[in-house]
Amino acid sequence: MAELFDASFNTGDIPMNRAELAAAMAQCDVLVPCISDQIDADLIAGAPDRLQLIASFGSGVDHIDLAAARTRGVIVTNTPGVLTEDTADMTMALILSVPRRLAEGEKLVRSGQWHGWSPSGMLGHRIGGKKLGIIGMGRIGRAVARRAKAFGLSIAYHNRHRLPFEVEQELEASWHDDLDALLRECDIVSIHCPLNADSRGLIDARRIGLMRPDAYLINTSRAEITDEPALIAALAEARIAGAGLDVYTHEPAVDPRLLALANVTLLPHVGSATFEGRDATGARVIANIRTWADGHRPPNQVLEGWV
């Protein structure tokens, strides 16, 4: 970016506060925010006319008020696809880790309280032969399905639109139009839909209550898709067996009740945290800016109706 543009950077690797964001938007033609930068309607309305492009560093755009940007004529771009494999790898790691209680076992060894092998020690659940329910069968959901199939999991999915027959055959995946039915019958449920008005609170207390007591919930998408207090209550009361989480409603703050639960594996939002992924994301951001600067529509412009 420094070679191509007259650029200024937030080099501290920490989110800018609201005043700093407003100051940055007041003096640039292009803003490159991360997911941790909340670009709401008031910030966009207060920006001068020179701000023409918000080139987000990441695939999600729920941190940007798209309607406000459209009203001001500000183009928004994202970086879809570059983090698919990284996020799918991390999801599969949680799918393996939570039923086999790997995080619990690691803590036990470090605590010095492990007293050696025993027939009933640290019993978990076998992965092979179980049914994985995937909510949201986009790029990441399909990548998770391919990995899960190799581990002997059967695949069910819920999506707004059914996949083509050929894709279902490749993934050996069965479509469930009824999300409630999928939740009732799956051993593991993994969330991969984007956060929007339709998905916010999708997995609420009622739907969590549909899951079996030996089922597990994995979320590497957005925390707001679930009702976090309801999930905590279900975990604490053993109404579901466990969860693997990479996202939190008020991150970086994590609800202390989650921290106290042994049946939850907690990760610090690292689903996309690879050197390769960050480089690919940056390259996609630059391609969007260069295309826009040359007077063309950016390849990853977020259009009205994006989900």
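## The seven-stranded sheet

An open sheet of 7 strands, paired in parallel, has the order E6-E5-E4-E7-E8-E9-E10. Its edge strands, each pairing on one side only, are strand E6 (173-175) and strand E10 (264-266). From one strand to the next the twist averages 20°. The model that shows this sheet is a predicted one.

Within the sheet, strand E4 (residues 131-135) and strand E5 (residues 154-158) are joined by 5 bridges in the parallel sense. Lys 131 has Ser 154 of E5 as its bridge partner, and Leu 132 has Ile 155 of E5. Of the 5 residues of E4, 4 are buried, so the strand is largely enclosed by the rest of the structure. Helix H6 (residues 139-150) lies across both E4 and E5, and its direction is at about 170° to that of E4.

## Ser 190 in strand E7

Strand E7 (residues 188-191) contains Ser 190. With a relative accessibility of 0%, Ser 190 is buried, the cut-off for that term being under 20%. Apart from residues up to four places away in sequence, Ser 190 touches Leu 132, Gly 133, Ile 134 and Ile 135, as well as Thr 91 and Ile 218. Leu 132 is the residue of E4 that bridges to Ile 155 in E5.

The side chain of Ser 190 also makes a polar contact, at 2.7 Å, with the side chain of His 192. Thr 79 is 111 residues from Ser 190 in sequence, and the two C-alpha atoms are 22 Å apart in space.

## Thr 91 and Ile 140 in helices H4 and H6

Thr 91 is a residue of helix H4 (residues 84-97). Its relative accessible area is 0%, so Thr 91 is buried. Beyond its neighbours within four places in sequence, Thr 91 is in contact with Ser 190 and His 192, and also with Val 144, Ile 218 and Thr 220. The contact with Ser 190 links helix H4 to strand E7.

Ile 140 belongs to helix H6. Ile 140 has a relative accessible area of 24% and is therefore partly exposed; the buried class ends at 20%. Once neighbours within four places in sequence are set aside, the contacts of Ile 140 are Thr 84, Thr 87, Ala 88 and His 192. For one of these, Thr 87, the separation from Ile 140 is 53 residues in sequence and 6.9 Å in space, C-alpha to C-alpha. His 192 appears among the contacts of Ile 140 and among those of Thr 91.

## The three-stranded sheet

An open sheet of 3 strands is also present, with parallel pairing and the order E1-E2-E3. E1 and strand E3 (75-77) are its edge strands, each paired on one side only. Strand E2 (residues 53-55) runs parallel to E3 and is joined to it by 3 bridges. In this pairing Ile 54 stands opposite Val 76 of E3.

Helix H12 (residues 275-293) packs on the sheet and touches E1, E2 and E3. The direction of H12 makes about 160° with that of E2.

## Helix H1

Helix H1 (residues 18-25) has Leu 21, Ala 24 and Met 25 as its buried residues. Viewed down the helix axis, these buried residues fall within an arc of 95°, so they line one face of H1. The cover over them includes strand E1 (30-31) and helix H2 (41-46). E1 is also an edge strand of the sheet of 3 strands.

At the start of H1, Asn 17 places a side-chain oxygen within 3.1 Å of the backbone nitrogen of Ala 19.

## Annotated domains

Two domain features come from an unreviewed UniProt entry. The record places "domain: D-isomer specific 2-hydroxyacid dehydrogenase catalytic" at residues 13-302. In the model this span is 37% helix and 12% strand, and its end C-alpha atoms lie 25 Å apart.

The feature "domain: D-isomer specific 2-hydroxyacid dehydrogenase NAD-binding" is placed by UniProt at residues 92-271. Over that stretch the chain is 33% helix and 16% strand, with 10 Å between the end C-alpha atoms.

How values were computed:
Residues numbered from 1 in each chain as written. Predicted model: local features only at pLDDT ≥ 70, side-chain atom pairs only at ≥ 80, totals over all residues. Heavy atoms only, no water. Buried < 20%, exposed > 50% of the residue type's maximum accessible area, 1.4 Å probe, protein only. Arc of directions from axis to C-beta. Contact = heavy atoms within 4.5 Å. Polar contact = N/O pair within 3.5 Å; in protein donor to acceptor, adjacent residues only side chain to side chain. Pairing = 2+ DSSP bridges. Axes fitted to C-alpha atoms, helices over the stretch in contact; angles between N-to-C directions. UniProt positions renumbered as here; feature names shortened; annotations may be inferred.
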